[in-house]
Each structure stands twice: as structure tokens, then as C-alpha cells.
Amino acid sequence: MKYWLLKSEPIAWSWDNQVTEGPSMWDGVRNYQARNNLKEMKKNDLCFFYHSVTEKSVVGIVKVVKEHYPDPTDKTGRFVVVDVKAINKLKNPVSLNRIKESKKLKNIALIKQSRLSVMPIKKIEWEEIIKLSSMPYNQ
């Protein structure tokens, strides 16, 4: 199993949308590196759901329920989607600031490639974010 992080602007597609919609396609990716990451995803891989732009926090976990297929919103035919399903909301969101403060997360793709919308997460990074989500945080 691999781990991933999916970024979405909450005004476009939020955690609440994901929960309400149920299993749904992760569409609209128009970056080749992010597309390649979608192609690497396998059924049952786990992904953090990250609210970008305004909140900048990991808020939940989704699971890949269908591997990549052509993105029906892409007229060029170059991009793909995967289907994901909400699994768990994190007890406490883990903010980008908190991630930046963690020594164990200093090399995470979220910091190193901040504009990338679909990125791999190492198991140790996954475990650290899970750990941070169980601890309240006051900035």
C-alpha cells in the first residue's frame, strides 16, 4: 500500500462534499506530475484530504476505490482521474504551519513541492500526521 495527499480548495470541493457525495472521482488535475501520481495509485491506497488556499490543513482520509481512468472533464484526453471514498475525518486538522514545525516532516512533498495537487507521502510522514491529528494544537 502507498500513501498520498490530495489537495482541494474547500470552496470548489470540500471534505463535507466528499462525505456527502460518497465514492466519487478526483478530477480536474491538469499537471503532468500530479497526473503521473494518479496513475501510480492502486485500489485501497490511502490519501490525506488537504484543504488548500484558505485553510491549509489536512482534514481527513480517503481511500482509492477505483484506479485511474480517463478524466471525462478533459477534452485533450491527456489526464486521468481516480475514484476515492471518505474514510475518516481527522480528530484535529493538521495545519501546514504545524507540518512545517515538525522535524519528521521537513522533507514532505507538501513543503518541497507546495503547488503540486497530488503527491506521494512516505509511511513515516503518514504516521506522523496521524499522530499530530490526535493532539490538539493552539497556535
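This note goes through the sheet, its strands, the helices against it, two buried residues and the largest pocket of a predicted model.

1. The sheet as a whole. Strands of a sheet pair through backbone hydrogen bonds, and they do so either parallel or antiparallel. Here 6 strands make up an open sheet with mixed pairing, and their order across the sheet is β2-β5-β4-β3-β1-β6. At the edges stand β2 and β6 (118-121), each of which pairs on one side only. Between neighbouring strands of this sheet the average turn is 40 degrees, with direction ignored.

2. The pairings of β1. On one hand β1 (3-8) runs parallel to β3 and is joined to that strand by 6 bridges, and within β3 it is histidine 51 that stands opposite serine 8. On the other hand β1 runs antiparallel to β6, with 4 bridges joining the two, and leucine 6 stands opposite valine 118 in β6.

3. The surroundings of β1. Is this strand enclosed by the rest of the structure or open? Because 6 of the 6 residues of β1 are buried, the strand is largely enclosed by the rest of the structure. Both faces are covered, since the buried residues include Tyr3, Leu5 and Lys7 on one side as well as Trp4, Leu6 and Ser8 on the other.

4. The edge strand β2. This strand pairs with β5 (residues 80-95) in the antiparallel sense, over 3 bridges. Looking at a single position, one finds that methionine 25 has aspartate 83 of β5 as its bridge partner.

5. The helices against the sheet. Helix α2, which covers residues 32-40, lies across β1, β4 (57-70), β5 and β6, and runs at about 55 degrees to β6. Helix α5, covering residues 123-133, also packs on the sheet, where it touches β1, β3 (46-51), β4, β5 and β6, and its direction makes about 45 degrees with that of β5.

6. Valine 82, a residue of β5. Valine 82 is found in strand β5 and has a relative accessible area of 0%, which means that it is buried, as the cut-off for that word is under 20%. Leaving aside residues up to four places away in sequence, valine 82 touches Ser24, Met25, Trp26, Leu38, Met41, Val64, Lys66, Glu67 and His68. Valine 118 is 36 residues from valine 82 in sequence, and the C-alpha atoms of the two are 11 Å apart in space.

7. Serine 133, a residue of α5. Serine 133 lies in helix α5, and its relative accessibility is 5%, so it counts as buried. With residues up to four places away in sequence again left out, serine 133 touches Leu90, Lys91, Asn92 and Val94.

8. The largest pocket. Rolling a probe the size of a water molecule over the atoms shows where empty space is left. In this model the largest pocket holds about 630 Å³ of space. Its lining consists of 22 residues, and those that lie nearest its centre are Lys7, Ser8, Glu9, Ser52 and Ser117. Two elements, β1 and β2 (24-26), give two or more residues to this lining. Which of the elements gives the most? The answer is β2, with 3 residues. Sorted by class, the lining has 9 nonpolar, 7 polar and 6 charged residues.

Methods: Residues numbered from 1 in each chain as written. Predicted model: local features only at pLDDT ≥ 70, side-chain atom pairs only at ≥ 80, totals over all residues. Heavy atoms only, no water. 1 Å grid on protein atoms, 1.4 Å probe; cavity = no way out; pocket = protein on both sides within 12 Å on 5 of 7 lines; lining within 4 Å. Points joined across faces, edges and corners; volume = space filled by probe spheres on them. Nonpolar A, V, L, I, M, F, W, Y, C, P; charged D, E, K, R; others polar. Pairing = 2+ DSSP bridges. Axes fitted to C-alpha atoms, helices over the stretch in contact; angles between N-to-C directions. Contact = heavy atoms within 4.5 Å. Buried < 20%, exposed > 50% of the residue type's maximum accessible area, 1.4 Å probe, protein only.
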